[in-house]
Amino acid sequence: MEKRYFTIAEVQENTTVDSCWIIHGRRVYDVSSFIQRHPGGEQMIVRRAGTDVSRDMAGPPHRHSSNAHRWLQQYYIGELSTDCGAQEEEEEEEEEIFSQKKQAVRERSTANRESNSVMDARCKSVDPDNDLVNWNKPLLWQVGNLREKYDEWVHQPVDRPIRLFYSDFIEACSKTAWYMVPLVWTPVVIFFSWYCYSELAQGNTRLFTSITTEYSIPVHQYYFPFLFLIGMFLWSLVEYLIHRYVFHMKPPASNYYLITLHFMLHGQHHKSPFDGSRLVFPPVPASLVVMLFLAAFHLLAPGAVGMSIFVGGLCGYVVYDMIHYYLHYGSPKKGSYLYGLKAYHVKHHFEHQRLGFGITSRFWDYPFHTVIPEEIFEKSH
């Protein structure tokens, strides 16, 4: 494909949300489809549209990682012109074709923004001839063959959707829209909350009856909010432990099946972190996990007390999935709690994959010593 050249005036004509071009060195990039998901907010890019962002990407206040620089290459459209006179005739001949292409990109970007499904139209981020897998086939059965190359490959994110399975039905079950999580689980949380409160209101629930009846402790309905909050707090720990020790296990290079399992559970999310159809846990497999947790609580703390803690944990899960989706697609206000959490989570994806396992909070990263370190820049003299 022949390289295109743009004058600085042409680049500066594209400085809006719908058509946003930037320069890095001598290379020109159309980042229109990415600005909504930029960790610093879309205005941070729009304010720099039409200019060279090389110094901004080098920091301060933030030094972009090598993965961030690699990510930028997906939006490359041409070079900055250095000899306008020599290239003027060529540019005029190609202008009509390029205008049609640019219009198509704008239409796709607008359609994606309206449908909240920005991934489906952009599959240009991978060079099929040079990548380690065949993107025209389901990836799940290929990644195990990468062996020692898998860990590096899976942590080099791309901006395109991923197909896991050959079966259309199973593939559909592995995806879900974000709103399905509250739609399915909020009624369950409300029902079990009402059930637990009603059970506790009867006044028959007591703790430690299996040990002693004389000193057993009555549990009234007024304790339900406290038990519910305990469940949410315990979920935050479970969230951290699963993310760190299950989702971020490092499968042996020789084990095809563990690599495949890792990619299915979490690796595909790190490979394509903005695939909106795979950012929350689909209800069908989630139901199986919920049943396992419910059975565990029934054995450890039977009755309304255990159920109250369980339903708090289930609510914590719903909050976790919604926050996780928002950290990828939302635009929180600068300086807010979610703004800092979004920047923290993006660092986990692009630079510190072995740190920063907290999603809804950084709390458990501190006692487990997995906090992502703050960036330090030397003062210029």
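What share of the contacts in the protein with a separation of 6 or more comes from residues 24 or more positions apart? Here it's 71%. Keep in mind that this is a predicted model.

**View 1. The whole protein, with its 13 helices and six strands.** Start here to get your bearings. The protein has 381 residues, and 44% of them are buried. As for the outside, about 20700 Å² is exposed, with carbon and sulfur atoms supplying 61% of that area.

**View 2. A close-up of H345, a residue in helix α13.** The helix around it covers residues 337-350. Is H345 buried or exposed? Its relative accessible area is just 3%, and the cut-off for buried is under 20%, so H345 counts as buried.

**View 3. The neighbours of H345.** Leave out residues up to four places away in sequence, and H345 touches H269, H324, L327, H328 and I359. Take a good look at H328: its side chain makes a polar contact with the side chain of H345, at 3.2 Å.

**View 4. A close-up of Y223, a residue in a loop.** This loop links β6 (217-218) to α9 (224-247). Y223 has a relative accessibility of 40%, and anything between 20% and 50% is called partly exposed, so that's the label Y223 gets.

**View 5. Y223 together with S308.** How many residues apart in sequence are Y223 and S308? The count is 85, yet in space they sit 9.5 Å apart, going from C-alpha to C-alpha.

Terms used
Residues numbered from 1 in each chain as written. Predicted model: local features only at pLDDT ≥ 70, side-chain atom pairs only at ≥ 80, totals over all residues. Heavy atoms only, no water. Helix = DSSP H or I, 4+ residues; strand = E, 2+ residues; numbered from the N terminus. Buried < 20%, exposed > 50% of the residue type's maximum accessible area, 1.4 Å probe, protein only. Contact = heavy atoms within 4.5 Å. Areas by Shrake-Rupley, 256 points an atom, 1.4 Å probe, with all protein chains shown as cover. Polar contact = N/O pair within 3.5 Å; in protein donor to acceptor, adjacent residues only side chain to side chain.
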